[in-house]
Structures are given as C-alpha cells and as structure tokens.
Amino acid sequence: MRLVLASASPARLAVLRAAGVDPVVVVSGVDEDAVAARLVDPGPAELVTALALAKAEAVVEQVAGEYPDAVVVGCDSMLVADGPEIVGKPGTPERARERWARVAGRSAQLVTGHAVVRLGGGRRTAEADGSESTTVRFGTPTDEELEAYLATGEPMVVAGGFTLDGYGGWFIEGVDGDPSSVIGISLPLTRHLLGEVGVSVTDLWRRDD
C-alpha cells in the first residue's frame with residue numbers, strides 16, 4: 001500500500017516525511033478556477049474540499065496502473081478573512097502586500113480540505129473527504145520586514161500569502177488548532193479520512209527493516 005500525494009507542495013511532502021511516510025508525489029494539474037466555477041456559491045469548506053477531491057481524482061487516473069493498491073490524497077487550503085471573502089494564493093507582490101495589510105495584527109481562519117481515494121487492484125474502492133478550520137494569529141511586520149518577505153517570493157505562491165514553516169513563521173504570533181493543517185496537510189484529518197477508507201496510517205509508515 002502506497003500513499004500518493006496529489007500535490008507539488010514541498011511543505012506537504014516535508015510534513016508527511018517527518019511523520020514517517022514517504023509518499024509518491026504526482027501533481028494533479030487541475031484547473032482550480034474551472035472546478036470552482038462549477039460550484040454554486042460555495043462556502044470555504046465546500047470549495048477547498050471540492051478542489052482537494054478534484055486533485056485526488058485526477059491523480060487516480062494517472063497512477064492506477066503503476067500503483068494499483070494505493071491511497072491518493074488531495075489537499076487544498078484557503079484563508080478566510082474579513083467575513084466571507086476567500087483568499088487563495090496572491091500570485092503577485094501587490095496582492096500579497098495588500099493581504100498582509102488586512103491581516104496584520106489580526107486573526108483569520110485557515111480552512112483546509114482533504115480528499116482520500118483508495119485503489120484496490122487498480123480500481124477505486126472507497127473515498128472520503130472533509131475539512132477543518134484553524135485560527136491563525138498574525139503579527140505586524142514592519143514595512144521593511146514585509147518588503148523583505150515579499151522579496152523572498154514565498155508569499156506569492158502559498159495560500160493566504162504566508163507560511164508557518166518558512167520565512168512567514170517569523171510573523172505568526174500563534175495558531176489555535178492543528179499546526180500541520182496550516183503548513184498544508186492536516187495529519188489528524190488525514191488519519192481520520194484514511195480510517196474511513198479502511199487504511200491505518202501506521203501501515204503507511206516507513207519500515208527500517
């Protein structure tokens with residue numbers, strides 16, 4: 001049984017490896033905007049869960065032949081700040097700067113969605129999905145610190161424009177909830193979803209013998 005991670009995120013890969021799992025990484029290539037466009041006024045949890053499932057399903061089609069007995073895990077995360085607005089990856093320094101201006105010194109919700117699809121004999125045998133929300137308490141970087149952070153390029157390519165395990169960690173005052181969820185893949189949620197499809201996470205741990 002192999003765990004296939006449907007994500008190019010080095011942070012998610014690092015979390016899994018640190019937790020004893022060496023996943024196969026296969027990037028889904030899903031058009032996230034197209035998936036979102038098919039939903040009717042989705043809430044944050046519905047949106048990230050739908051995106052996670054779309055990524056997992058896309059990868060299932062790619063790996064079923066090579067890894068007929070596996071679990072494919074898809075993930076997505078978004079920051080919810082200022083009410084219903086959902087914040088994904090900023091993409092540009094200008095957007096990242098504006099988002100930090102809005103969250104500095106405040107708290108926001110990081111909503112994470114995961115989906116697990118189990119393969120047996122090259123066929124889908126079960127799937128499960130779910131989401132969770134974690135409160136992130138942001139610090140207030142100085143103008144010089146924020147510009148230096150933007151210059152690293154990191155905030156433009158991560159959900160909400162920040163990280164907990166990278167340069168952005170210097171400006172996070174605290175997390176109320178699951179820290180691994182903020183990094184990108186919630187270990188508790190993933191364990192529960194694996195259990196729903198009949199897989200124990202301990203069976204996926206690397207063995208030194």
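**Strands β6 and β7**

Select β6 and β7 in this predicted model: the two strands run antiparallel and are joined by four bridges. To see one of these contacts, pick Arg137, whose bridge partner in β7 is Gly174.

**From β6 to β5**

Keep β6 (residues 123-138) selected and add β5. The two strands are antiparallel, with 14 bridges between them. Two positions show the register: Ala108 stands opposite Val136 in β6, and Gln109 faces Thr135 in β6. Follow the strands to where they connect. β5 and β6 make a hairpin with two residues between them, and Gly121, in the turn, has a positive phi of about 65 degrees.

**From β5 to β3**

Now hide β6 and show β3 with β5. Eleven bridges pair β3 with β5, again in the antiparallel sense. Select Met78 to find one of them; its bridge partner in β5 is Val111. In a regular strand, side chains alternate between the two faces of the sheet.

How many of the 14 residues of β5 are buried? Colour residues 107-120 by accessibility: ten of the 14 are buried, so strand β5 is largely enclosed by the rest of the structure.

**The aromatic cluster**

Next select Trp100, Phe138, Tyr149, Phe162 and Phe171, which ring pairs link into a cluster. The model has five aromatic pairs in total. Start with Trp100 and Tyr149, whose ring centres are 6.1 Å apart with 90 degrees between the planes, an edge-to-face arrangement. Trp100 belongs to helix α4 (residues 93-103) and Tyr149 to helix α5 (residues 143-151), so this pair ties together parts that are 49 residues apart in sequence. Both Trp100 and Tyr149 are buried.

Stay on Tyr149 and turn to Phe171. Their ring centres are 5.7 Å apart and the planes meet at 55 degrees, so this pair is tilted; the edge-to-face class needs an angle over 60 degrees. Tyr149 is in helix α5, while Phe171 is in the loop between α5 and β7 (172-176), so the pair ties together parts 22 residues apart in sequence. Tyr149 and Phe171 are both buried.

**The largest pocket**

Rolling a probe the size of a water molecule over the atoms shows where empty space is left. Display the largest pocket, which holds about 790 Å³ of space. It is lined by 37 residues, and those closest to its centre are Arg12, Lys89, Val157, Val158 and Ala159. Which elements supply at least two residues each to the lining? Select α1 (10-18), α2 (32-37), α3 (44-63), β3 (70-80), β4 (86-87) and α6 (179-183). Coloured by class, the lining shows 20 nonpolar, nine polar and eight charged residues.

**Helix α3**

From the pocket lining, isolate α3. This helix has 20 residues and spans 29 Å from its first C-alpha to its last, close to the 28 Å expected at 1.5 Å a residue. Fourteen of those 20 residues are buried, leaving α3 mostly covered.

**Asp41, ahead of α3**

Step back along the chain to Asp41, in the loop between α2 and α3. Is this residue buried or exposed? Asp41 has a relative accessible area of 71%, over the 50% cut-off, so it counts as exposed. Check its backbone as well: phi is near 45 degrees, a positive value in a residue other than glycine. Most residues other than glycine have a negative phi.

**Thr142 and Leu47**

Select Thr142, in the loop between β6 and α5. Its relative accessible area of 37% makes Thr142 partly exposed. Draw a distance from its C-alpha to that of Leu47. The two atoms are separated by 33 Å, and the residues are 95 apart along the chain.

**Leu204 and Gly20**

Finish at Leu204, in the segment after α7 (187-196). Leu204 has 8% relative accessibility, under the 20% limit, so it counts as buried. Add Gly20 to the selection. Leu204 and Gly20 are 184 residues apart in sequence, yet their C-alpha atoms are 7.9 Å apart in space.

Key: Residues numbered from 1 in each chain as written. Predicted model: local features only at pLDDT ≥ 70, side-chain atom pairs only at ≥ 80, totals over all residues. Heavy atoms only, no water. 1 Å grid on protein atoms, 1.4 Å probe; cavity = no way out; pocket = protein on both sides within 12 Å on 5 of 7 lines; lining within 4 Å. Points joined across faces, edges and corners; volume = space filled by probe spheres on them. Nonpolar A, V, L, I, M, F, W, Y, C, P; charged D, E, K, R; others polar. Expected span 1.5 Å × (residues − 1). Buried < 20%, exposed > 50% of the residue type's maximum accessible area, 1.4 Å probe, protein only. Phe/Tyr/Trp six-rings, centres within 6.5 Å; stacked < 30°, edge-to-face > 60°. Pairing = 2+ DSSP bridges.
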